Amino acid sequence: MRRPLAALSAVALAVLGPITLVGQSPPCTPPKNSNVAKLLAWFASPLAFSQPGPIERMPAGAVKIGGDLTYVPAPAAAITRTDFCYRAKSEHTGLSPVFPRPRLVLGLGAGFSAEAMYLPPVTVAEATPNMGSVALAWASPAIESMNGIQFTARAHATFGHVKGPITCPRGEIQQTDPLGSCWARKPSEDSYSPNVRGAEASAGSSRGRVRWYGGAGYSSLMPRFQVGYRAYNGTLDSTRVRVDLTRVTAFAGLAYAATRTLQLSAQLYSVPEDATTGRVGFLWRLR
């Protein structure tokens, strides 16, 4: 009885679910207005490498280190239900409520500075990242006729991936219904890559212990998703999903100079078409 049941299950899963062998099928490209595309875009917002606070004119060789903590908002229930690429089901999107990120800022001179971050594969809640970001920024001299207002421009990129049980978390694994979702022995091992590239401009105060800033930008999103689900009978689902999108962004924040070398900051970052999130962070000037 086991062999006929296994064969029947494999056929049923092939019809009802996206059972795809690696290399056999091209990536699935959902419509830009689909739930799948909206969900992939949603999580690119908290992972985007926005500026860590007011951008300062740092002398060549100056170094700052720091980090920030970003809130990962939960998407609306309506877009967590898949409508393209795989069977209709609600996805597990709450891998981690926060996204921690270290930062390194290096002064290049003439108002330019470079930023970088790397997040190693250390699991936070159910999410295991392996991501990097880089940015190049320029800050104008303070404009005295405008009470020390400063203008900045910045380009940024985020690459890498986050892994976790998105399609089939541990709580949804079942071994009784071969035709149901998540008929498996263990949670899925899915991978999400935000692939964000963008440019932004901002203006803010350059004097005082408390400084404000705000700006807007434009981002290119090329999120990719790789399913890593193996059914109870060993059948592999390795569906790949890709979508290319563009988004307008906006942000505003405050920074507080706690000491001559330590700056604390808070920021509201929004992609009006997708999600709005908040960040808190610090930068410590080494030299």
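The largest nonpolar core in this predicted model holds 44 residues, and the members that touch the most others are Tyr-86, Tyr-192, Phe-225, Tyr-229 and Val-241. Several elements chip in with two or more residues each: the helices α2 (35–42) and α3 (44–47), plus the strands β3 (112–119), β4 (128–139), β8 (210–221) and β13 (245–257). Helix α2 gives the largest share, six residues. This kind of arrangement fits a general pattern: in soluble globular proteins, nonpolar side chains tend to be buried together.

Phe-225 is a handy place to look at the core up close. Leaving out residues up to four places away in sequence, Phe-225 touches Leu-40, Tyr-86, Ile-166, Thr-167, Asp-190, Ser-191, Tyr-192, Thr-239, Arg-240 and Val-241. Among these partners, Tyr-86, Tyr-192 and Val-241 also appear in the list of core members with the most contacts. Another partner of Phe-225 is Thr-239, which sits in the loop between β11 (236–237) and β12 (240–242). Thr-239 counts as buried because its relative accessible area is 6%, and the cut-off for that label is under 20%. The side chain of Thr-239 also makes a polar contact with the side chain of Asp-237, at 2.7 Å.

His-156, in strand β5 (residues 149–164), is another residue tucked out of reach: its relative accessibility is 4%, so it counts as buried. Its C-alpha atom is 5.4 Å from that of Gly-198, although the two residues are 42 apart along the chain. Gly-198 is also one of the residues that His-156 touches; with residues up to four places away in sequence left out, the full set is Phe-49, Val-134, Ala-135, Val-196, Arg-197, Gly-198, Ala-199, Glu-200 and Ser-219.

Not every nonpolar side chain is hidden, though. Ile-65, Leu-104, Val-210, Trp-212, Leu-254, Tyr-256, Leu-264, Phe-282, Trp-284 and Leu-286 make a nonpolar surface patch of about 920 Å². At least two residues of this patch come from each of β8, β13 and β15 (276–285). Strands β8 and β13 are also among the elements that give two or more residues to the core. One patch member, Tyr-256, lies in β13 and has a relative accessibility of 37%, so it counts as partly exposed.

Two residues stand out for their backbone angles. Most residues other than glycine have a negative phi. Ala-110, however, has a positive phi of about 60° without being a glycine, and Asn-195, also not a glycine, has a positive phi of about 50°. Both are found in loops: Ala-110 between β2 (98–109) and β3, and Asn-195 between β6 (190–193) and β7 (196–205). Their surroundings are another matter. Ala-110 counts as exposed because its relative accessible area is 59%, whereas Asn-195 counts as buried because its value is 15%.

Zooming out, the protein chain has four helices and 15 strands, and its C-alpha atoms fill a box of roughly 85 × 35 × 30 Å along the principal axes. Of its 287 residues, 49% are buried. Looking at contacts between residues at least 6 apart in sequence, 69% join residues at least 24 apart; the contact between His-156 and Gly-198, with 42 residues of separation, is one example. The accessible surface comes to about 13,600 Å², and carbon and sulfur atoms account for 64% of it.

Methods
Residues are numbered from 1 along each chain as its sequence is written. This is a predicted model: local features need pLDDT of at least 70, side-chain atom pairs count only at pLDDT 80 or more; totals for chains, interfaces and linings use all residues. Side-chain values use heavy atoms; hydrogens and water are left out. A nonpolar core is a set of buried Ala, Val, Leu, Ile, Met, Phe, Trp, Tyr and Cys residues joined through side-chain atoms within 4.5 Å. Buried means under 20% relative accessible area, exposed over 50%, partly exposed in between (1.4 Å probe, protein chains only). Contact means heavy atoms within 4.5 Å. Patches are made of residues with over 30% relative accessible area and no salt bridge: like charges are joined within 9 Å, nonpolar side chains (Val, Leu, Ile, Met, Phe, Trp, Tyr) within 5 Å. Accessible areas come from the Shrake-Rupley method with a 1.4 Å probe; for residues, only the protein chains shown count as cover. A salt bridge is a side-chain nitrogen of Lys or Arg within 4 Å of a carboxyl oxygen of Asp or Glu. A polar contact is a pair of N or O atoms within 3.5 Å; within protein, one must be able to donate a hydrogen and the other to accept it, and residues adjacent in sequence count only if both atoms are side-chain atoms.
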